[in-house]
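Reader: Let's go through this one a question at a time. Before we start, please get the vocabulary out of the way.

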Amino acid sequence: MSVDFEKLITDGFSFELASIKGAGLFASYGDGYGEGAVIGNPDGLLSWKIKVSALPDSDDYLLNAGEFGLQTRFQYLWDFYARHNVAQWHKVFQFHDPLSKKDFLADIAEEQLDYQLFCLTVATVGLTIRQRRVHGVESPGDVVEVENNQEI
Amino acid sequence: MPATTLSTDDQAKLDALTALIAAARAAGPQVQVVELVAATWPAPDGLVYYASTFADDTWPSLKAKLAGTTLEPRLNGGQFLDLTRDSGISDDSVSLDLWDADHKISDLFETHGEGVRIEIFFYFPQVDLLLSMWFGHLRPPTDADEERFTASAENGFMSVLLPLPRRAFFNTCQAVFGALLSSQAEIDEHDCPYNRHLGGATGLLDPATGLPFTSCPRNTRQACIDRLGDSLSYLSFDTVIQSYSVQATHGSTIATSRGNETNLKRPLRVIAGKRVVRDLDLLEYVVEIGNPDHPERGSIKLLYAVAEGRNRSLTSPKANNTAIQPQHFSVRVGAKRQSSTGFTTNVNNYSSTALLNAVLQGDFSKVDPSQISTEITVEGLDDVRVYASEDPTDFVEQYSQDRAWWLLHAYRHKRWGLGSDVRRFFLQDFRDLSTWFADSVSYHNPDGTVTTAPRSTFNAELIDRTAQQQINDICLAGRCTVPFPFEGKLRVFPLKKLTTDELAAAPVFTDYDSGYPRNIIRDEQTGKSTLTRSATSDAELPNSIVVTYNDAAQDYKEIPLPPIDSIDQQLRAGRAFGDTGRRAVEKRYGLLGVTTPGEAARVGVLIRDLGEFDEGGIENNQRIKFQTFFTQGLGLYKSKVIRVLSRSLINTRTGVQRFEHFRVRSTRQLPNLLVEVSAQAYPVAYYATTEDLTAPVAPAVPDPLFNPGGDPGDRPRPVIFPRIDVTADQIIVEMARS
């Protein structure tokens, strides 16, 4: 199935952490003996923390947001958040994992961020991007080399 | 090792899974598993699988397996359903919690209501095996809200709380209209033969449309005549009130038939094997007084519903303990569309109902006909299906006294039974059970002599109890499990002695380094084993069993055997109360279908020693419970014998574990995939002495020490009463004179 998902432009992002979580259950027989079973996708579920040290709301740092035109970096990210976690609820988008160099489907974990909290989160602990899966859609995609070429 | 219900392909996959589980314990790849709940919504919605995720995306092999059937992610993730697997007639239920924010499940439930079939599967993607774990039917929602549809699914596809038999004395037709059935085989199993919708020749077309009828109100004989051309299939108990003239030497009188069916509150009975049937259901009667001056020359005509049909024979009727002469009665065996009895000219033929039509001579003008005591000897149903293979069409219908095939008959029969689909049963089990019941075993007769006879037979009257009770009692007296769900089928096994090879092959569960891999869960924090043990107090453990049976030698009257006592256990019961005397803890059992004292005594002794369904008696009074992982519990089922090794079961003084083998009572799969196993001790030595075909079970002889009122050890002696006076309402006995 082919579905177009908006792609998050990650120019200038700092990837703090990539993690993976499996789904399984474990039985302990004592003294270190045990047995487990995988009860979810064996590929697990990835998540990333992204921080942006400087998020200028200045025309000096515009990026091309495609159908949304040229936007300041702050405006782009705020609008992106609003489109995916306000106007929609955890709407899925495409996200390029710099580690595996593959595009994943993902959403933003944080909810109910207001303007100040959004800025604070992005600058300090970072936004949490979670891997998502959509029925019938193959994800992740193939390996694609992307340069993060607009670091500030 | 019992035969498998799985296809050859699935069995190979299960074997591969077993190998995978073993490899996983030796650092191989771990087992992957996903839970699916299949709901078979009636047309047009059909089968839908529910899971905690789009598992068919994760494992494309599952998508192929489901062959286009919808899979919706609605279950809670990270946990599995809490499944208790006990017997197929228990009240067990499974709580379902489905995401329903789109209201789709609620809509489906509102459309189709309760009773939707639910089946729970495990899918093992590494071996592409879809394994049925449980099946039941949907019950109404409880505490459902706008996000979650919470309901339960109850064990089995029909409620076991239904009466069995279940045909009530209603005066409208109770047959399922043939046009509502989709095959000739189904029609043949039911009572209405209409098959025009299938291109058959039975039945008429709807004159309004020129097409086959699609429905029937089933409320009048005319509705039946309109569709079938006659009312011989009208399955009701409606009396046709009719008056007619009775000629006498001097004039005539008018006799009127009277219906009694509205007084009949219990369902029509079913007769298995041979029985003398008493307390017959009076359908109609006519009191005839030919000559008012000589009422003693009158008579009464009685029409009784004896039992469900079709029976092999009805003979030797009696009224008030006097044989009814052949010229004064006629019978119908209860065939479908049988001819009417001639009770009156327009009397109902009572299709599928065995009938006794009798005439008694005398003055019955002031007699309540329901007070006339009538009985008849019946050789019961001759349409018991005996299956030759797993093919549900490969059967013969016959008269049978075989407990195994009768058990299946009660489950399967569409009119009076539970109406279960025979494809849900593993028919080989019933063939095996039938063979086991037919084995000759030794009995001790009450006089101490030993005879051999089949292990179990079935000559019973089924009436006025729930299916749960009937099935429980059929199995209890036959010493087999009640049917239980396992790997998608209802299985039933004899509670028999295992061979040496079978004992050696019993799966081992252990919680310490006993030489076998550990597989009993220990608490991660404390390291304590989850194995616990318990025993029934001697003060409560039955040590005096009173069984009753219907003695074939005494016209099938209910006869109690002398109490089957255990003196040692009664002394232990006394000690439990702190004294040195004997204390009888009595329990009574009616052995359904047992008609010989030898068989009754044998079953009674085994109940005393092993308990009901071998779940706790004098010889196996130890019950254990432990947790294991689901991978270790996959092959466990009710009655399976396992070997359990635990330090906590070893007597440290002797260094001996009293019981090593245990029979599984039930399993419960917890949401974290741990399986809680409850098992009862399996006393190997005891079984060896009692289940050998040539060795009789210890006799149920009267206890020589038991002499109420006498001194211990005294023989009972006759008592001569000095005086006995009989008055109108009492008997006065003088016990002693001094």
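Author: Two strands pair if DSSP finds at least two bridges between them; helices (H or I, at least four residues) and strands (E, at least two) are DSSP runs, numbered from the N terminus. Residues are numbered from 1 along each chain as its sequence is written, and chains are lettered from A and ligands numbered from 1 in the order in which they are written. What you see is a predicted model, in which local features need pLDDT of at least 70 and side-chain atom pairs count only at pLDDT 80 or more, while totals for chains, interfaces and linings use all residues.

Reader: Which residue in E4(B) does Val48(B) stand opposite?

Author: Take strand E3 (residues 46-51) of chain B, which runs parallel to E4(B) and is joined to E4(B) by four bridges. Across from Val48(B), the residue in E4(B) is Thr70(B).

Reader: Which strands stand at the edges, with a single partner strand each?

Author: Seven strands of chain B make an open sheet with mixed pairing, in the order E4-E3-E2-E7-E8-E9-E6. The edge strands each have a single partner, so one side of each lacks a neighbour in the sheet; these are E4 (70-73) and E6 (93-99) of chain B.

Reader: By how many degrees are neighbouring strands of this sheet turned against each other on average?

Author: Axes here are lines fitted to C-alpha atoms, for helices over the stretch in contact, and angles run from 0 to 180 degrees between N-to-C directions. For this sheet direction is ignored, and the average turn between neighbouring strands comes out at 35 degrees.

Reader: How much of chain B scores at least 70, and where does pLDDT stay under 50?

Author: pLDDT is the predictor's confidence in each residue, from 0 to 100, and chain B averages 89, with 91% of the residues at 70 or above. For the whole model, the scores are ipTM 0.76 and pTM 0.85. Where pLDDT is low, the predicted coordinates should not be read in detail. In chain B the stretch under 50 is residues 699-707.

Reader: How many residues of H7(B) are buried?

Author: A residue is buried if 20 or more other C-beta atoms lie within 10 Å of its own, exposed if 12 or fewer, and partly exposed in between, with C-beta atoms placed from the backbone. Buried residues make up 43% of the 738 in chain B. Helix H7 (residues 403-412) of chain B is mostly covered, and the buried ones, including Trp405(B), Trp406(B) and Tyr411(B), come to 10 of its 10 residues.

Reader: Is H7(B) roughly parallel or roughly antiparallel to H9(B)?

Author: The axes of H7(B) and H9(B) come within 11 Å and cross at roughly 170 degrees. Angles under 35 degrees count as roughly parallel, over 145 as roughly antiparallel, 65 to 115 as roughly perpendicular and the rest as oblique. H7(B) against H9(B) is therefore roughly antiparallel.

Reader: Which residues in H9(B) do Arg403(B), Trp406(B), Leu407(B) and Ala410(B) meet?

Author: Contact means that two residues have C-beta atoms, placed from the backbone, within 7 Å. From H7(B), the four you list meet Gln470(B), Ile471(B), Ile474(B), Cys475(B) and Gly478(B).

Reader: How many residues of chain A are in contact with chain B, and what does the side of chain B look like by class?

Author: On the chain B side 24 residues take part, touching 18 residues of chain A. Helix H1 (8-25), strand E1 (31-32) and helix H2 (55-58) of chain B each supply at least two residues of that side. For the classes, Ala, Val, Leu, Ile, Met, Phe, Trp, Tyr, Cys and Pro count as nonpolar, Asp, Glu, Lys and Arg as charged, and the others, Gly among them, as polar. By that scheme, the chain B side has 10 nonpolar, nine polar and five charged residues.

Reader: Which residue in E1(B) does Val38(A) stand opposite?

Author: Strand E3 (residues 33-38) of chain A and E1(B) run parallel, with two bridges joining them. Opposite Val38(A) in E1(B) you'll find Gln32(B).

Reader: Where is Pro44(B), the residue that a cis peptide bond joins to Ala43(B)?

Author: Omega of the bond between Ala43(B) and Pro44(B) is about 5 degrees. Pro44(B) sits in the loop between strand E2 (34-41) and E3 of chain B.
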